[in-house]
Amino acid sequence: AKKTWYVSVFDEYFIKLDRSGFDQNRLFTGIGVRINDHFRLESGNLLQTFPSGSRNQLFTQLVHSFRWK
C-alpha cells in the first residue's frame, strides 16, 4: 500500500458532572502518515488547557485499526 500523508486535527472538551463544570480542553494539530491498511503514525502539538493554565506538548501516537470482516 502507498504511504499517504495527511493533516490531523482534533479537539476534546472535558467537563465534570458536578458543579465545577469545565475540566480541560485538548487541541491537537499535526501531520500523519498512513503506513499500511492497519497502521498510521501521527505527530504534532497538543495544547492542553486547564482552569489553572495551559501547556503545549509534543504528541506522537501510533494508531492500529482492526479490520473486522
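**Salt bridges and strand pairing in a four-stranded sheet**

In this predicted model, Asp-37 and Arg-34 bring their side chains together in a salt bridge, with N and O 2.4 Å apart. Neither end is fully tucked away: Asp-37 is partly exposed at 39% relative accessibility, and Arg-34 is partly exposed too, at 29%. Arg-34 also turns up in the strand pairing, as the bridge partner in S2 of Thr-4.

That pair is one of the salt bridges in the model, and the count comes to four. Another one links Arg-26 to Glu-12, where the closest N and O atoms sit 3.8 Å apart. Since Arg-26 belongs to strand S2 and Glu-12 to strand S1, this pair ties together parts that lie 14 residues apart in sequence. Both partners count as partly exposed, Arg-26 at 27% relative accessibility and Glu-12 at 31%. Asp-23 and Lys-16 make a salt bridge as well, with 3.9 Å between the closest N and O atoms. Here the relative accessible area is 24% for Asp-23, which makes it partly exposed, and 40% for Lys-16, also partly exposed. As a general matter, side chains of opposite charge can pair when their charged atoms come close.

Now for the sheet itself. Four strands make up an open sheet in the order S1-S2-S3-S4, paired antiparallel. S1 and S4 (53-64) are the edge strands; each has a single partner strand, so one side of each has no neighbour in the sheet. On average, neighbouring strands here are turned by 20 degrees against each other, ignoring direction. S1 is joined to S2 (residues 22-34) by 12 bridges, the two strands running antiparallel. On the other side of the order, S3 (residues 39-50) and S4 are likewise antiparallel and joined by 12 bridges. Within that pairing, Leu-47 has Asn-56 in S4 as its bridge partner. S3 and S4 form a hairpin, with two residues between them.

Ser-8 gives a close-up of strand S1 (residues 4-15), where it lies. With a relative accessible area of 7%, Ser-8 falls under the 20% cut-off and therefore counts as buried. Setting aside neighbours within four places in sequence, Ser-8 is in contact with Phe-28, Thr-29, Gly-30, Ile-31 and Glu-42. With Glu-42, there is also a polar contact from side chain to side chain, at 3.4 Å.

Terms used. Residues are numbered from 1 along each chain as its sequence is written. This is a predicted model: local features need pLDDT of at least 70, side-chain atom pairs count only at pLDDT 80 or more; totals for chains, interfaces and linings use all residues. Side-chain values use heavy atoms; hydrogens and water are left out. Buried means under 20% relative accessible area, exposed over 50%, partly exposed in between (1.4 Å probe, protein chains only). A polar contact is a pair of N or O atoms within 3.5 Å; within protein, one must be able to donate a hydrogen and the other to accept it, and residues adjacent in sequence count only if both atoms are side-chain atoms. Contact means heavy atoms within 4.5 Å. Two strands pair if DSSP finds at least two bridges between them. Axes are lines fitted to C-alpha atoms, for helices over the stretch in contact, and angles run from 0 to 180 degrees between N-to-C directions.
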